[in-house]
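Dear colleague,

I am passing on the structure that we spoke about, and below it you will find my notes on what was found. Please read them with the model open beside you.

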Amino acid sequence: MFKRMPGDEPHRIVSTTPDTAVVFKPAVVRTPAIIALVIFAARFVAGLVRLIWRHPVALAVIAVPGALCFVYGWRVALLLVAPALAGLGAWAVLDRPTFTRWVGWRVTAFVRWFWIYRRHWQPVMTVSGLARHIRGREYVPRLVKVTSDSWADRVTVRMLDGQAVKNWTDRIENLSHGFGSETCRVSVAKAGRLVLTFPRRDPLATPIPALPIPDIPTVGPIEIGKLEDGSPWLLRLHGTHVLVAGATGAGKGSIIWSAVRGLLPAMWAGLVEIWALDPKLMELSYGKALFGGRYAADPADCADLLDEAVSVMHKRAARFAGVQRSHAPTLDDPFILVVVDEVAFLTAYQSDKQLRQRISAALATLTTQGRAVGVGVLAALQDPRKEVMNIRNLFPDKIALRLDESEQVDMVLGDGARDRGALADLISPRPERGAGVGYVRLETSPDPIRVRAAYVSDEDIRAMVGEVR
Ligand SMILES: Nc1ncnc2c1ncn2[C@@H]1O[C@H](COP(=O)(O)OP(=O)(O)OP(=O)(O)O)[C@@H](O)[C@H]1O
Ligand SMILES: [Mg+2]
């Protein structure tokens, strides 16, 4: 575009306005107006087709009355639209779930696409640094579509070529504030496409009362609370080991007690035994009667109980070898759940070295070999650092409740969990807002999900104990 001049050429340039810099302008290629118009028209039609394709129901709801009004006048339009409105109203009243699915959320998605995301897209992208300005042209990530449900809006985005997911996860705050949501979750839909989740309401804002005790005995995933979208939070205990990490007052007790509560019918049926280790004496002692004598608080007793669990595990393994590869709970071989509150008291903070080593070895043995023979460990601790819990990686499932430092989130949930939205260090320390609230990674998705455990109060525990007696 810029022509390089030979060495002596600039001297020959004559300017009629002395003392002004000589400006070289790139050549301008004149485009016939018809070509520009055709390009604009093609873009407009493509956009319109995309819009109709993405939001047919919402557009019909808006466009049909408008068109009738235009063609026949508002009186006729009202007359024609009124029965349709009455029909929709009846549908909404009689069968709300199908109405919201087919009409309600689609119209909501359209309105939010138009009013929130489309309107703010360019400024938010530019200010947050996700749009790029290269050689006078602005490249903005494409807003592909918006879907809504009762909990959140999900915005599908086409990233700019060369952008990384991290570019987006680093700007969660810009995005959430820019689009008027409290948080934003980033997940990958496919190569080059992301889904941004913007919650509109928070079903976990208030404490969840203790859930009803299940009617049928089950060791399957136990309902212990709610997921962020309001659906039940099912915790798998049989066939895995679970580590719960949370600062003091984070609500570790509510996870332990909700799990015990869910397992009660199976305990009554003899299909589950809970062995409780309570070195702090403050959590599980309350329900001592539930555990049928398998309760220890003193570190030496805890070590004995763990050794006993290991010996049961070994005996089962010897019996199962070559006969069965996985465990199904029976009266003879019930599922044994070893619940350890404040596990660091028995490992890192235990002053008796011999005892400490015995307990650590037993826990490591149970977590490496217990799964297939029906022995599981549910452990809670405050500090997830390796120095405190060197076997934390032996727990396949981990729950991060409120944590003190942001670095601890990745220690519990794995690398990149905090970047993907597990903001466990920002959970409110006020019990009514944040106790029992945490993040988990479900098997189905690498993205962390926000959860809240139901609160099992002292009265609930007393009632549970009362039912056993
Ligand atoms: N799921 C919950 N919902 C609402 N409030 C809760 C919940 N769980 C606990 N709380 C409240 O938070 C307080 C602390 O809970 P909890 O004792 O379970 O914490 P913790 O994590 O075990 O703490 P620590 O490590 O000190 O034992 C409880 O007394 C209760 O008032
Ligand atoms: Mg506790």
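How do the residues of the shell around ligand 1 divide into nonpolar, polar and charged? Before the reply, please keep in mind that this is a predicted model. The shell holds 6 nonpolar and 8 polar residues, together with 1 that is charged. In total 15 residues surround ligand 1, and the closest of them are G251, G253, S254, A435 and G436. Helix α7, which covers residues 252-268, supplies the largest share of this shell, with 3 residues.

The interior of the protein comes next. The largest nonpolar core has 84 residues, and within it V338, V339 and A400 touch the most other members. The element that gives the most to this core is α7, with 8 residues, and α7 is also the helix with the largest share of the shell around ligand 1. There is also a second, separate core of 20 residues, which includes W113, L130, I172 and C184. If you wish to follow one residue of the largest core in the viewer, A400 is in contact, leaving aside its neighbours within four places in sequence, with A245, V409, V412, L413, A422, A424, G438 and Y439.

G438 leads on to the strands, since the next element to describe is β15, made up of residues 437-441. Strand β15 runs antiparallel to β16 (residues 448-453), and 5 bridges join the two; G438 stands opposite V451 in β16. Both strands belong to an open sheet of 10 strands with mixed pairing, in the order β8-β7-β16-β15-β14-β9-β13-β12-β10-β11. At the edges of this sheet stand β8 (232-235) and β11 (295-296), and because each has a single partner strand, one side of each is left without a neighbour in the sheet.

As for the overall layout, the protein chain is divided into domain 1 (34-94), domain 2 (106-201) and domain 3 (222-468). The centres of domain 2 and domain 3, taken over C-alpha atoms, are separated by 37 Å, and the contact takes 11 residues from domain 2 and 7 residues from domain 3. On the side of domain 2 that touches domain 3, the elements that give two or more residues are α5 (165-169) and β5 (185-190), and the largest share, 3 residues, comes from β5. By class, that side of domain 2 has 5 nonpolar, 4 polar and 2 charged residues.

With best wishes

Conventions
Residues numbered from 1 in each chain as written. Chains lettered and ligands numbered in written order. Predicted model: local features only at pLDDT ≥ 70, side-chain atom pairs only at ≥ 80, totals over all residues. Near = placed C-beta within 6 Å. Helix = DSSP H or I, 4+ residues; strand = E, 2+ residues; numbered from the N terminus. Nonpolar A, V, L, I, M, F, W, Y, C, P; charged D, E, K, R; others polar. Core = buried A, V, L, I, M, F, W, Y, C linked by C-beta atoms within 7 Å. Buried ≥ 20, exposed ≤ 12 C-beta atoms within 10 Å, placed from the backbone. Contact = placed C-beta atoms within 7 Å. Domains from an automatic or database assignment. Pairing = 2+ DSSP bridges.
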